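Q: Please take a close look at one part of this model, the surroundings of the bound ligand and the loop that leads up to them. I would like one connected account with the numbers included.

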Amino acid sequence: MGQTLTIALSKGRILEDTLPLLASAGIEPAEDPDASRRLVLPTNRAEVQLVIVRATDVPTYVAHGGADLGVAGKDTLLEHGGAGLYEPLDLGIARCRLMVAGYPGTTERLRRPRVATKFVNISRRYFAEQGRQAELIKLYGSMELAPIVGLADLIVDLVDTGNTLRANGLEPLATIAPISARLVVNRAAMKMKHRLIEPVTRALGEAVNERDRSTVE
Ligand code: ATP
Ligand code: PRP
């Protein structure tokens with residue numbers, strides 16, 4: 001029996017932005033993943049299937065070989081640590097920034113700030129690199145609420161337009177990293193399934209270049 005290539009995607013913005021790139025690379029799901037409740041979706045290519053997982057779980061699925069390829073935000077990759085993964089391609093989609101934010105005038109230099117975030121590993125590293133102690137408070141969403149109710153002095157969260165911060169009276173204080181979605185590949189699969197993975201990686205790279213050329217023109 002021939003080899004199968006499994007690609008992990010998450011619903012929402014990653015899926016929306018990745019499907020056109022996959023289509024340019026000649027891969028189209030057999031049914032609309034947003035409408036379907038199925039978690040394993042065949043594609044127009046008999047040897048390629050998609051699996052639909054939570055955005056934060058993509059690195060885990062790919063690192064452990066539950067999928068050969070995946071598309072994950074750089075934020076989730078930094079938080080995961082990236083062990084067991086190659087990251088051959090920046091897809092340039094789902095762009096935003098990982099930022100420290102708080103009330104205007106909150107000194108970013110508080111001696112031991114309480115920081116609410118879903119990115120505890122990234123935040124721990126960021127404050128440690130600055131030689132600062134921070135008390136990290138793990139949340140799973142609605143980080144912007146934490147300073148409002150006095151749960152935290154600062155938050156570490158994704159910022160795109162800044163509308164969510166503004167709507168809650170907060171402002172960006174420092175950028176930790178620019179973020180975009182990346183193609184990730186399981187390290188063992190890169191060797192074992194090179195024949196299948198190499199053309200997909202190359203076609204996606206060409207689709208990204210083509211898209212970027214047409215948006216510049
Ligand atoms: P999960 O469902 O696992 O909690 P999530 O709800 O954060 O994840 P999405 O909101 O779909 O999932 O975000 C997926 C990825 O899109 C993030 O990891 C990040 O890289 C990027 N992203 C998140 N928010 C924005 C935004 N406002 N603008 C642009 N890109 C974003
Ligand atoms: C993300 C992020 C911020 C918001 C930033 O949330 O966690 O709250 O986007 O975008 P903005 O700067 O353009 O306002 P998302 O919309 O994904 O909601 P969720 O993570 O709570 O699902």
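A: Ser-142 is found in the loop that runs between strand S8 (135-138) and helix H5 (145-148). In this predicted model, Ser-142 has a positive phi of about 45° although it is not a glycine. Most residues other than glycine have a negative phi. Ser-142 is exposed, because its relative accessible area of 58% is over the 50% cut-off.

A second residue with a positive phi is Ala-94, where the angle is near 50° and the residue is again other than glycine. Ala-94 has its place in the loop between strand S5 (85-90) and strand S6 (96-102). Its relative accessibility is 21%, so Ala-94 counts as partly exposed, the buried class being reserved for values under 20%.

The loop of Ser-142, between S8 and H5, also leads to the ligand site. Glu-144 is one of the residues around ligand 2, and a polar side-chain atom of Glu-144 lies 3.0 Å from an oxygen atom of the ligand. Two further contacts involve Thr-161 and Gly-162. For Thr-161, a polar side-chain atom lies 2.5 Å from an oxygen atom of ligand 2. For Gly-162, the partner is a polar backbone atom, 2.7 Å from an oxygen atom of ligand 2. The protein covers 61% of the 500 Å² of accessible area that ligand 2 has on its own.

The residues around ligand 2 include Arg-13 and Glu-144, together with Asp-157, Leu-158, Val-159, Asp-160, Thr-161, Gly-162, Asn-163 and Thr-164. By class, the shell divides into 2 nonpolar, 4 polar and 4 charged residues. Strand S9 (154-159) and helix H6 (163-167) each supply at least two residues of this shell. The largest share, 3 residues, comes from S9. The space taken by ligand 2 is the largest pocket.

As for the setting, the secondary structure of the protein comes to 8 helices and 11 strands. Its C-alpha atoms fill a box of roughly 60 × 35 × 35 Å, taken along the principal axes. Of the 217 residues, 45% count as buried; Ser-142, by contrast, is exposed, and Ala-94 is partly exposed.

Notes:
Residues are numbered from 1 along each chain as its sequence is written. Chains are lettered from A and ligands numbered from 1 in the order in which they are written. This is a predicted model: local features need pLDDT of at least 70, side-chain atom pairs count only at pLDDT 80 or more; totals for chains, interfaces and linings use all residues. Side-chain values use heavy atoms; hydrogens and water are left out. A residue is near a molecule or strand if one of its heavy atoms lies within 4 Å of it. A polar contact is a pair of N or O atoms within 3.5 Å; within protein, one must be able to donate a hydrogen and the other to accept it, and residues adjacent in sequence count only if both atoms are side-chain atoms. Accessible areas come from the Shrake-Rupley method with a 1.4 Å probe; for residues, only the protein chains shown count as cover. On a 1 Å grid over the protein atoms alone, a cavity is a set of points where a 1.4 Å probe fits but cannot get out, and a pocket is an open set with protein on both sides within 12 Å along at least five of seven lines; lining residues have an atom within 4 Å of a point. A molecule sits in a cavity or pocket if more than half of its atoms lie within 2 Å of its grid points. Helices (H or I, at least four residues) and strands (E, at least two) are DSSP runs, numbered from the N terminus. Ala, Val, Leu, Ile, Met, Phe, Trp, Tyr, Cys and Pro count as nonpolar, Asp, Glu, Lys and Arg as charged, and the others, Gly among them, as polar. Buried means under 20% relative accessible area, exposed over 50%, partly exposed in between (1.4 Å probe, protein chains only).
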